[in-house]
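Here is a short tour of one protein and its ligand. Have the sequence and the 3D view at hand as you read.

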Amino acid sequence: METETVYLNGDYVPLADAKISVMDRGFLFGDGVYEVIPAYSGQLFRLEDHLERLDKSLRAIRLQNPHSHEQWLNLLTPLLKKGLDQSVYLQITRGTAPKRDHAFPQNVTPTVFAMVTGITPHSDPDNGVKALSMEDSRWKLCDTKAITLLANVLLRQAAVDNGCTEAILFKDGYLTEGAASNVFAVIDGILMTPPKSSAILPGITRDVILEIARKNNIPCSEQAISKADIKKASELWITSSTREIIPVVELDSEKVSGGKPGPVWKTFYKLFQEHKQSLR
Ligand code: PMP
């Protein structure tokens, strides 16, 4: 699905006509935040959770939310195609300042942009993806969904250069997350993921998976996971709003769960689809 009409600063315009100034602080400094919200059959999924995370990101960069949650719903809805599964990308920057200066400009209106793209969740029960473990080279504000993603871009590209789909990141010997995903591991029969902290983005998909686990009495734990723990994992997953739950079947050229998606992934794939279906 190609992006056709986008939202920019109050207008719905064809993508090709959406233009911003080169003085925009998003362009010059990466001074902005974003959200990615899936929509199933045209219905935004966990909108309130995404908007609360947006509020937190905006507070972290000391920028006021230009819209109420209700205004966001009204603003995003016209972009969605009825009946389709899509995702909304929205971005707010500190706006276009008269000169390039690191300090915040005064009386500048934020730039607000949103577009919709198709989503392709992983649904193949026979195949998974390869991942590469890497040192987490990012900054200390990883819980802020900042558009400043250069480290994530370089990490993901290093994974791709090695024939992998995602980089799985470790800081001081402990798992943080993926370049654009959270990570889950099944270790000794328990579904584990690192606890929320400033070292990871608090993924909405991560929350959904933990809720599903608790509701179904599937043992799960939010705890520190070392590199040695990961070596013992019988399953490894990466999770995000646009791709849901992806089984990692090879890490650093070594097979995980025998090179096939594991039984816990299969259970969660089914439960996640049922959860989505119940909201349609
Ligand atoms: N961590 C990072 C670094 C991400 O960029 C993302 C989203 N792409 C996630 C985790 C997953 O978050 P969510 O489930 O809310 O999409």
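## The ligand and its surroundings

How far is an oxygen atom of the ligand from an N or O atom in the side chain of R53? The two are 2.8 Å apart. Keep in mind that this is a predicted model, and the distances below come from it as well.

The backbone takes part too. A backbone N or O atom of S241 is found 2.8 Å from an oxygen atom of the ligand, while a polar backbone atom of A180 lies 3.1 Å from a nitrogen atom of the ligand. On its own, the ligand has 390 Å² of accessible area, and the protein covers 92% of that. There are 17 residues around the ligand, and those that come nearest are R53, E177, I204, T205 and S241.

## Aromatic rings and charges

Let us turn to the rings. A pair of aromatic rings is described by two things, the distance of the centres and the angle of the planes. With ring centres required to lie within 6.5 Å, the model has seven aromatic pairs. Y40, F45 and F272 are linked by ring pairs into a cluster.

Y40 also has a charged partner: the charged end of K276 sits over its ring, 4.4 Å from the centre. Elsewhere in the sequence, R94 is placed over the face of F104, and here the distance from the ring centre is 3.6 Å.

## A nonpolar patch on the surface

Finally, have a look at the surface. L150, V153 and L154 make a nonpolar patch there of about 320 Å². One of these residues, V153, belongs to helix α4, which covers residues 150–161.

Key: Residues are numbered from 1 along each chain as its sequence is written. This is a predicted model: local features need pLDDT of at least 70, side-chain atom pairs count only at pLDDT 80 or more; totals for chains, interfaces and linings use all residues. Side-chain values use heavy atoms; hydrogens and water are left out. Rings of Phe, Tyr and Trp (its six-membered ring) pair if their centres lie within 6.5 Å; planes under 30 degrees apart count as stacked, over 60 as edge-to-face and the rest as tilted. A charge sits over a ring if NZ of Lys or CZ of Arg is within 6 Å of the ring centre and within 35 degrees of the ring normal. Patches are made of residues with over 30% relative accessible area and no salt bridge: like charges are joined within 9 Å, nonpolar side chains (Val, Leu, Ile, Met, Phe, Trp, Tyr) within 5 Å. Accessible areas come from the Shrake-Rupley method with a 1.4 Å probe; for residues, only the protein chains shown count as cover. A salt bridge is a side-chain nitrogen of Lys or Arg within 4 Å of a carboxyl oxygen of Asp or Glu. Helices (H or I, at least four residues) and strands (E, at least two) are DSSP runs, numbered from the N terminus. A residue is near a molecule or strand if one of its heavy atoms lies within 4 Å of it. A polar contact is a pair of N or O atoms within 3.5 Å; within protein, one must be able to donate a hydrogen and the other to accept it, and residues adjacent in sequence count only if both atoms are side-chain atoms.
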